[in-house]
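User: I have a model to go through with you. Can you take my questions as they come?

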2 protein chains.
Amino acid sequence: MISATLLSHLEDIVGPEGLLTTPEDMMTYGYDATLPEHQPEAVLIPCTTQQISDALRLAGENGIPVVPRGAGTGLSGGSIPAAGGIVLSLTRMRDIVEIDAQNLTARVQPGVVNADFQAALAPLGLFYPPDPASMKACTMGGNVAMSAGGPRCLKYGGTKDYVLGLEVVLADGEVIHTGGRTVKNTTGYDLTHLFVGSEGTLGVITEITLRLLPPPEAKRTMLAIFDELDDASRTVSAIVGEGILPTTLEMMDNLLIQCAEDFTGAGLPRDAAAILLIEVDGFEEALGRQVSTVEQVCAKQGVREVRVATTAQEVDDLWLARRTIIGAVARYRPSMVLQDVTVPPSQLPEMVARVVDIGKEYDLPIGVLAHAGDGNLHPLILFDQRDEEELAREQKAEAVIFAASLELNGTLTGEHGIGLTKRKYLPQALNPREMDLTQGLKTLLDPRGILNPGKIVGGNGDQPA
Amino acid sequence: MISATLLSHLEDIVGPEGLLTTPEDMMTYGYDATLPEHQPEAVLIPCTTQQISDALRLAGENGIPVVPRGAGTGLSGGSIPAAGGIVLSLTRMRDIVEIDAQNLTARVQPGVVNADFQAALAPLGLFYPPDPASMKACTMGGNVAMSAGGPRCLKYGGTKDYVLGLEVVLADGEVIHTGGRTVKNTTGYDLTHLFVGSEGTLGVITEITLRLLPPPEAKRTMLAIFDELDDASRTVSAIVGEGILPTTLEMMDNLLIQCAEDFTGAGLPRDAAAILLIEVDGFEEALGRQVSTVEQVCAKQGVREVRVATTAQEVDDLWLARRTIIGAVARYRPSMVLQDVTVPPSQLPEMVARVVDIGKEYDLPIGVLAHAGDGNLHPLILFDQRDEEELAREQKAEAVIFAASLELNGTLTGEHGIGLTKRKYLPQALNPREMDLTQGLKTLLDPRGILNPGKIVGGNGDQPA
């Protein structure tokens, strides 16, 4: 419990405009894009690293949990204050501190929205590849804390591949700087990547130094329509086998095509078993041959049709279904769980087939959405969480999906993190010594266990799940 | 001291062919590519992970240091047994366990030589970019332990960007597996990158899972000759500013051109102030325009001449000087220290100018060798270590070079690691809390301090330096 005295000290640190305590506010900060909910006792919205340092010191002295939060778009419950305490919203720290075009680097505060950052870079002829589906809302701090991915990961890698350095406030309020401003840096242990993907459990990220790229000068977008789901799956690794690494290689099955069409009316073929959305980019001269190769590979795998967008409008139309699908499925069933398993791409056909079977076995509609090129599958389980029996079936199906992924040399999560919702599965992916080491790192960095307790390891995480 | 009983137990683990104890052998394993030397008491050459596990358990119980070693080509003293004990040579663990062309991954044992791995990949149409200058000798385990770089880092990133997972024997002999086989993986903390670049101080790497790429189908190699060193430096960031990320962008100054010509007679211009060796790669169609752009940028910066290789032989000739320079300078002076500072590329002209001044101030020939595109400068200090006064000047010059790099937002090391030789400078790069955290990680993973003591932090590292 946070005492009135402590609240008053917290208000001294962030000012009255930086402290929320009303029931409506607690409700607002009690959920993210997953099912579990749990309310905090207070929300702090600091403006400076110093305020965060002061707040953490105070929280530590009083044993109060602190849960860092960006835009709350997370898909593993990482920002839910599972043990109550304080939500530390980083959304007022939203300065793009520096864009250094000469050195292809930038420094941003954690509350900068991904799409705003991209928009600031574009006119300077600079490019930051990571593009989570939630990029119009999600923050850079959240992206780094969760090691977020996105469609363009296939060619360009994920958030972790672009983080050169961090400013971090540790659990005791002390501030450290990891890494630096250069791409090459082997000075001591890689403290930077200890914090990337640590989900707010090891420290609070207050500034991020990022590597940028020159933007690709051109791209081509293609839509490949398949009559068989398996043909689409097999096409994925066949394309990479031809020496082409597309920028994106996205897959949607018939259920999702139907949902997207209901929502957008964009003209997708309702009778198709699956579509692949394929984009290649680079120097203009090199694109024609890549498009032809992709078309040939698709033909060999029995594609019905390949559409190549010729205008910006057509590109937008092709992407519309993919971009809106998460919202579109809400019309179909009231609840949705978006899973995030990743398998070696050659196992994609097998994993997709198993997901389809699991849907039948547990009598649940499961849409197949995938960043297929890197084997990152997002089974979209549709149900009604108010129906206990249906919820129980969903949870069983989920457990079987995780087991299948691990059996196929895959992972529990590719880009959404462990958070609250996958914590109980972690011992299936890590052996006891690996779990010990994980707990050891947590204890080293946060001996009082105040930072985002219950996420990944430690704390009271099972409480609300 | 290793007792006869302990030696006999070690021999039981690795067999008689896996244990060396003669004075000649101890001398052989007592140095690397740096100046310090210190002999071990025994050398173990295990064949299996189990043998390493058994040996570490035994060493831990007896408090004996264990220093993992690949080919001993390191440039920071990382494999020198500074506190005596056991050198653990991984050179007999040299299986390429698996090359998975469909999933663009491979698994290798630590003793596989980088060039042998590249040679095994090429006929399968696969590509592993990291190419340390010592690639014909250095091992993949050493590359991962030191987070090695190379010329191609500029476009493709370094070793750390290709490691997907590791098998590691911890100090207590327990075996863990980090990461996995997929590019996307956010399962718990990033244990993989805790070990990448940890220089054998946190665990012994026994298997490495690597990401591969489709190879670029073509490349163009250019040699740009400059009459002014500063013009060459400024050309570097100007090229990147044009939206081109060359595969390599290497720089050599007049001193090194002279040394290389004495050695190779390859036809470099002895009167040039500097040369840039520039390579672009990718799809054939896209190369011509990149070459023209590079030529135009060079012209704008006052280049004397740009030579474009038109045959494979010409490409080899252009690279000959760069590849042989480290050996070539041995004809000039008996001792050589190759430093490894990295600055933001825009600071390269300033850093190069300072290195030239430092050479004058301390009256030492310093060659300027640089992976210039990413700001990674290798000042090559030439002297005679047998001359104490000269050695003292070298050490002063070195300290001033490090200070200059840090002042220009650069690093102590870009790709050679801290090891033994840069350990005393580490507190200049890390604040006290960052040093504490570094020591905390070391203590968590190696509480008895047996793993490569004296490297990065902890142990008796100052002994022989």
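Analyst: Below are short answers on symmetry, a sheet, a helix, one glutamine and the cores. This is a predicted model, where local features need pLDDT of at least 70, side-chain atom pairs count only at pLDDT 80 or more, and totals for chains, interfaces and linings use all residues. Residues are numbered from 1 along each chain as written, chains are lettered from A and ligands numbered from 1 in written order, and side-chain values use heavy atoms, without hydrogens or water.

User: What turn lays chain A on chain B?

Analyst: A turn of 180°, with a shift of 0.0 Å along the axis and an RMSD of 0.0 Å. The fit is by least squares on C-alpha atoms of residues with pLDDT of at least 70 in both copies. The two copies are thus related as by a two-fold rotation axis. Both use the same surface: 100% of the contact residues of chain A recur in chain B. Contact means heavy atoms within 4.5 Å.

User: Sheet next. What's the strand order in chain A?

Analyst: The order is 1-2-4-3, in an open sheet of 4 strands with mixed pairing. Strands are DSSP runs of E, at least two residues, numbered from the N terminus. Two strands pair if DSSP finds at least two bridges between them.

User: Which strands of chain A stand at the edges?

Analyst: Strand 1 (19-20) and strand 3 (66-69). Each has a single partner strand, so one side of each lacks a neighbour in the sheet.

User: Do me a helix. How many residues are in helix 3 of chain B?

Analyst: Helix 3 (residues 49-62) has 14 residues. Helices are DSSP runs of H or I, at least four residues. Helix 3 of chain B reaches 20 Å from first C-alpha to last, close to the 20 Å expected at 1.5 Å a residue. That expected span is 1.5 Å times one less than the number of residues. G63(B) follows helix 3, with a positive phi near 65°.

User: Is Q118(B) buried or exposed?

Analyst: Q118(B) is buried, at a relative accessible area of 14%. Buried means under 20%, exposed over 50%, partly exposed in between (1.4 Å probe, protein chains only). Q118(B) sits in helix 4 (residues 114-121) of chain B. Leaving aside neighbours within four places in sequence, its contacts include Y128(B), M135(B) and R152(B).

User: And the cores: which residues touch the most other members of the largest one?

Analyst: F117(A), F195(A), F117(B), F195(B) and M251(B), out of 172 residues. A nonpolar core is a set of buried Ala, Val, Leu, Ile, Met, Phe, Trp, Tyr and Cys residues joined through side-chain atoms within 4.5 Å. Another core, of 25 residues, lies apart from it; L318(A) and V329(A) are among its members.
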